[in-house]
Amino acid sequence: MPYEVQGVIAGGKGEAVTVQSVIVPDPGPGEAVVNVQACGVCHTDLHYREGGINDEFPFLLGHEAAGVVEAVGPGVTSVAPGDYVILNWRAVCGNCRACLRGRPWYCFATHNATQKMTLADGTPLSPALGIGAFAEKTLVAAGQCTKVDPDARPAVAGLLGCGVMAGLGAAINTGGVSRGDSVAVIGCGGVGNAAVLGSSVAGASKIIAVDVDDRKLDLACQFGATHTVNSKTTDPVEAIRELTGGHGADVVIEAVGRPETYKQAFYARDLAGTVVLVGVPTPDMTLDLPLLDVFGRGGSLKSSWYGDCLPSRDFPMLIDLYLQGRLNLDGFVSETIELHQVEEAFAKMHRGEVLRSVVVL
């Protein structure tokens, strides 16, 4: 029979979120119900609340989560009740043109649960990124569940479901950072500092963290930054070049998503270097670069979607590194909160006071 649980609802554009009763149906074919144990508060959830993604209100927010499978529907063999999983928003289809070319991390036909969760009065809900995990239970496609070692605490494991994976993957997967590389990361929030950590794990010899907030730069040092630049007082392009022998960094990761910081990234890389855009711009932003510079500087200009991750490959590996003490995921958890504190967490995030607030259920 359906489950009645408590969940965080965004009812209208810019409105404060509320905790309401949510009806979660029994899983149908290809679906799973997951007992959510922890879910990070991500900027994407705030974008949903502000109407920046679409206007399909009301939303059931939350998507950066870990928990235990409660039940599965017909035909599900990839997970079973009792499995400890991280939820992901890339349920690889296996049949689209990207998957058939052996590039499932680009899957163009990812899917969500078919059934709708609803409010108590029957109003259908739009789950954030097809997950909706600011709730005691949620309904997802079984392919959105990735089994990992249950020794990893949920407040940490769930962060791989979005922001931390985006940053780690921007460095390791998209940027291809390798031993001895010089790396600059512009923007040191949760995603940017995850890119710093990923660069460190990959063996970069020099990791330059750039931000306008000294608090975030101090945190970047904890994740492996070797140098910091406060771009409020120092030209970051000149500083990065000076720190790299006048050449620029091999890989520059832009984790802000603004034209001005992207230009800084473009000109702060070495010839034939790589720029990775992982910061998410708004629809109105445009970029103006001399085409001759794009040609003349060579190299690669890349966008990183979800850190170009393949959850089935990356999540278990990264959790293993964490359990071995080689990946500082604990450092991203600024505080743990309850469902009714999500609105307050949005305010803290907006003020730059936290890397991640994590709802623990």
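This report walks through a predicted model of a protein, from its overall build to a few individual residues.

## The whole protein

Let us start with the broad view. The secondary structure comes to 11 helices and 18 strands. For 361 residues, a compact globule would have a radius of gyration near 21 Å, and the protein has 20 Å, which agrees. The C-alpha trace spans about 65 × 40 × 40 Å along its principal axes.

Of the 361 residues, 53% are buried. If you look at contacts with a separation of 6 or more, 69% of them come from residues 24 or more positions apart. On the outside, the protein exposes about 15,000 Å², and carbon and sulfur atoms supply 51% of that area. The protein has 26 positive and 39 negative charges, and the mean positions of the two groups are 7 Å apart.

## A cluster of rings

Now to the aromatic residues. A search of the whole structure finds 7 aromatic pairs. One of them joins Tyr-48 and Phe-59, which meet edge-to-face with 4.9 Å centre to centre and 65 degrees between the planes. Tyr-48 belongs to helix H1 (residues 43-49) and Phe-59 to strand E4 (residues 59-60), so this pair ties together parts that are 11 residues apart in sequence. Both Tyr-48 and Phe-59 are buried.

Why is the pair of Phe-57 and Phe-59 edge-to-face? The planes of these two rings stand at 65 degrees, with the centres 4.7 Å apart, and planes over 60 degrees apart count as edge-to-face. Taken together, ring pairs link Tyr-48, Phe-57 and Phe-59 into a cluster. Phe-59 has a relative accessibility of 1% and counts as buried, whereas Phe-57 is partly exposed at 22%.

Phe-57 has another feature to look at: a cis peptide bond joins Phe-57 and Pro-58, with omega at about -5 degrees. Pro-58 sits in the loop between H1 and E4.

## Two positive phi angles

Which residue in the loop between strand E8 (126-127) and strand E9 (137-141) is worth a stop? That residue is Leu-129, whose phi is positive although Leu-129 is not a glycine. Tyr-306, also not a glycine, has a positive phi too. The table sets out both residues.

| Residue | Phi | Loop | Relative accessible area |
|---|---|---|---|
| Leu-129 | near 50 degrees | between strand E8 (126-127) and strand E9 (137-141) | 22%, partly exposed |
| Tyr-306 | about 55 degrees | between strand E16 (300-303) and helix H10 (311-323) | 4%, buried |

## Sequence and space

Two further residues show how positions along the chain relate to positions in space. Glu-238 is part of helix H7 (residues 236-243), and Glu-238 counts as partly exposed at 46% relative accessibility. How many residues separate Glu-238 from Ala-268 in sequence? They are 30 residues apart, and their C-alpha atoms are 7.5 Å apart in space.

Pro-29 lies in the loop between strand E2 (18-24) and strand E3 (31-40). Is Pro-29 buried or exposed? Its relative accessible area is 65%, so Pro-29 is exposed. Pro-29 and Ala-155 are 126 residues apart in sequence, and the distance between them is 29 Å, C-alpha to C-alpha.

Note on methods
Residues numbered from 1 in each chain as written. Predicted model: local features only at pLDDT ≥ 70, side-chain atom pairs only at ≥ 80, totals over all residues. Heavy atoms only, no water. Rg over C-alpha atoms; globule rule 2.2 N^0.38 Å. Buried < 20%, exposed > 50% of the residue type's maximum accessible area, 1.4 Å probe, protein only. Contact = heavy atoms within 4.5 Å. Areas by Shrake-Rupley, 256 points an atom, 1.4 Å probe, with all protein chains shown as cover. Lys, Arg positive; Asp, Glu negative; His and termini not counted. Charge placed at Lys NZ, Arg CZ, Asp CG, Glu CD. Phe/Tyr/Trp six-rings, centres within 6.5 Å; stacked < 30°, edge-to-face > 60°.
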